[in-house]
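The following text walks through one protein model, beginning at its surface and then turning to how its helices pack.

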Amino acid sequence: MEFTQIENIMRNLDYEAPEEPENEIEEAAPAEETAEQTAEENNEPQEETAGTKNEGYIPYANISSEISTTLAYLHGVREDFLSNPDFNYNQDIINKLELNDNCKIIRCLCTLRSNVIRKFKAIRDAIKYDYKSIYQIPELGIRELEYLSSKNIYPFTGKDHVKSFGVLLNKVITERINNCKSVFPNWINWEYVKALFVMKNGTDEVKYMDEAKKFYANYAYYPAKQYVYMETPMDIHRLFNNDRTCLKVLYKLYGDDFNDFSKISDVEEDVKHNVYDFLFASQKVIMVVDCENSDPYRLCAALKSLDDDQLSKISKIMLFNDSHTSTVWTDIQSYTKIPVIPLMIDRVKDDKSLVDMRLAAETCREHYQNGVDSIIVCSSDSDYWALVESLSTAKFLFMVEHGKCGMDIKRAFEGKGIFYCYLDQFYSGDLLAMKENAIRKDFARSLQRFSFSFNELLEQAITSSRADLTEGEIASIRSRILKVLRIELDNGIASIKINEG
C-alpha cells in the first residue's frame, strides 16, 4: 500500500471517531456508573451463599481487585482514575507495580500505543507542521517517553513516520510482555492475559491500520477507553472493574468460563460472624472431618480465612481418614494452630468404608464422656443427619461443599436451626504452595521405588574400563560425576544422564 493511501486511512480514522476524543474518554473512563451500580451488576450471575437472607449476594467489598488493578495499570489507565477510591483499585498493588521496572515499562508502552491510536492526527500535525520533537507532544506521552529513555528503550524516534509508531510499539510490547507474567497468580491462564497486550499481526502496517479502525468503530467496548486486543469486537468495558468481572470477561473472550470465585473473593463477613457466634456460645468445641467427603485444600482455606483467636475455642480437629483419600490430609497440622488428631480407619471389606460409622461413634464418645457440647462437622454426607438427631443435647455447625450437598439436607438444617456454610466459598487463591508441597511429597514417595546403587554402577564402570585407581581417585571421580548428573525428559519419559558439557 502506498504511503498516501495509509495516511488517508489514518486521516479517515480520525474523523470516524471524534477528532480529539479526550472529553469522551474522561466521561467514559473506568466506571460509567456509580460504584454502587458497578457493585450490584458485578454480582451477577448470583451464587448461592449459605446461611444468609440473600443467598446469592456477594458483597462488593469481599471481591478482590488485584488482577483487575494489575491489568488496568499495565494497560495505562490514567493515574487519577487509579487513585480514585470509587473505582476500587488496589492501591497496595499499584504501589508494588510502580516499583517493578518491567511493569512500568509495559504501562508506558501501552499508554503510548493507546495515545497513538486515539490522537493520531494531533501527533502527526505536531510533528509535520509544528516541527515538534516527540518529547514536546503532550498528546503522545512525554513522561512515558522520558521514562523509557531512562531505561534505554527507544520504541521510535522523530525520524519515524507517525504511521509506524504503533507498529514499532507493538513489536516492543510483544518482546517484553512475558516479563510481567510473575505479577499474576499462577492459576490464571497466562495465554489469555498475554493476548490482551499482543496485537495479532500488529507489526504489519496494514493489519495495524485495520486494528486501529476496529478500535474507533467499537470505541465504547474498550475498558477505560484504553486499547486492548480482542480478535472479535465485544463489550469488555468492565474488564478493569474487579477480579470477578475481570476474569469472567477475560475467559469469555476466548470461549472459556471462569467459575472458581473462591480464588478471588472471600466468604461474607456475616458467615464468619455466625461461625464466631457459634464458638462464643459453646463451652467445649471439636471439629470432626470426614476426609472421604471433604476437600483438604478447601478446609485449609477456611481455617486460614477465619480468625485464629476465634478458632482457639476449638480444642481439636479429628480427621477420620481412609487409605483411599488424599495424602494431603497428613499435612493439615502445618496449616493450623489447632491440635490435629489423625485417625486412619481400616476397612474390613475392601469395598466398604467405615469412616462415617467411626466418626459418629467417636463424636458420641466426645459428647457423653468428654463433655463436648458443640461439634463442627466437615462433610456433605446426609447420613450425618442421624448423628444430629441422636445427639439432641449437642449443638452442630456443618461445613459443606456446593456440589456435594443436596437441597434436602439443607432444608433439614434450616428446619432445625442448624447453621451451615460452604467450604468452597472461603478465599483459596493462596493455596498453590500447599498443593505444590503435597505434589512434591507424593512425587518423592514415588521416586523411592526407583532407587539403585550408585556405587555398584561406578564399580562396574571402573572394572569395564580396566582403570587402575586409588581409593582417593575413585572418591574424586565419584564426587565429580554426582555433580553433573541430570534428569532428562523425552516425551515424558525420564532418564538420568551425565552432563558432558
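Which residues make the nonpolar surface patch of about 660 Å²? In this predicted model, the patch is made by Phe452, Leu457, Leu482, Leu485, Ile487, Ile496 and Ile498. Two strands contribute to the patch: strand 7, covering 485-490, and strand 8, covering 493-498, each supply at least two of its residues. Ile496, one of the patch residues, lies in strand 8.

The helix packing can be followed through three pairs, two of which involve helix 13. Helix 13 spans residues 243-253, and helix 11 spans residues 190-197; the two pack at an angle of about 85°, with their axes 10 Å apart. Angles from 65 to 115 degrees count as roughly perpendicular, and helix 11 and helix 13 are therefore roughly perpendicular to each other. On the helix 11 side the contact is made by Tyr192, Val193 and Leu196, and on the helix 13 side by Leu250, Tyr251 and Leu253. By class, this contact has six nonpolar residues, with no polar and no charged ones.

Helix 13 also packs with helix 4 (residues 66-74), here at an angle of about 70° and with the axes 7 Å apart. That angle makes helix 4 roughly perpendicular to helix 13. Glu66, Ile67, Ser68 and Leu71 of helix 4 meet Asp243, Cys246 and Leu247 of helix 13. The residues of this contact divide into four nonpolar, one polar and two charged.

The remaining pair consists of helix 7, residues 101-118, and helix 12, residues 205-217. Their axes come within 10 Å and cross at roughly 80°, so helix 7 and helix 12 are roughly perpendicular to each other. Helix 7 brings Val116, Ile117 and Arg118 to the contact, while helix 12 brings Tyr208, Ala212, Phe215 and Tyr216. Sorted by class, the contact between helix 7 and helix 12 has six nonpolar residues, no polar residues and one charged residue.

Note on methods. Residues are numbered from 1 along each chain as its sequence is written. This is a predicted model: local features need pLDDT of at least 70, side-chain atom pairs count only at pLDDT 80 or more; totals for chains, interfaces and linings use all residues. Side-chain values use heavy atoms; hydrogens and water are left out. Patches are made of residues with over 30% relative accessible area and no salt bridge: like charges are joined within 9 Å, nonpolar side chains (Val, Leu, Ile, Met, Phe, Trp, Tyr) within 5 Å. Accessible areas come from the Shrake-Rupley method with a 1.4 Å probe; for residues, only the protein chains shown count as cover. A salt bridge is a side-chain nitrogen of Lys or Arg within 4 Å of a carboxyl oxygen of Asp or Glu. Helices (H or I, at least four residues) and strands (E, at least two) are DSSP runs, numbered from the N terminus. Axes are lines fitted to C-alpha atoms, for helices over the stretch in contact, and angles run from 0 to 180 degrees between N-to-C directions. Angles under 35 degrees count as roughly parallel, over 145 as roughly antiparallel, 65 to 115 as roughly perpendicular and the rest as oblique. Contact means heavy atoms within 4.5 Å. Ala, Val, Leu, Ile, Met, Phe, Trp, Tyr, Cys and Pro count as nonpolar, Asp, Glu, Lys and Arg as charged, and the others, Gly among them, as polar.
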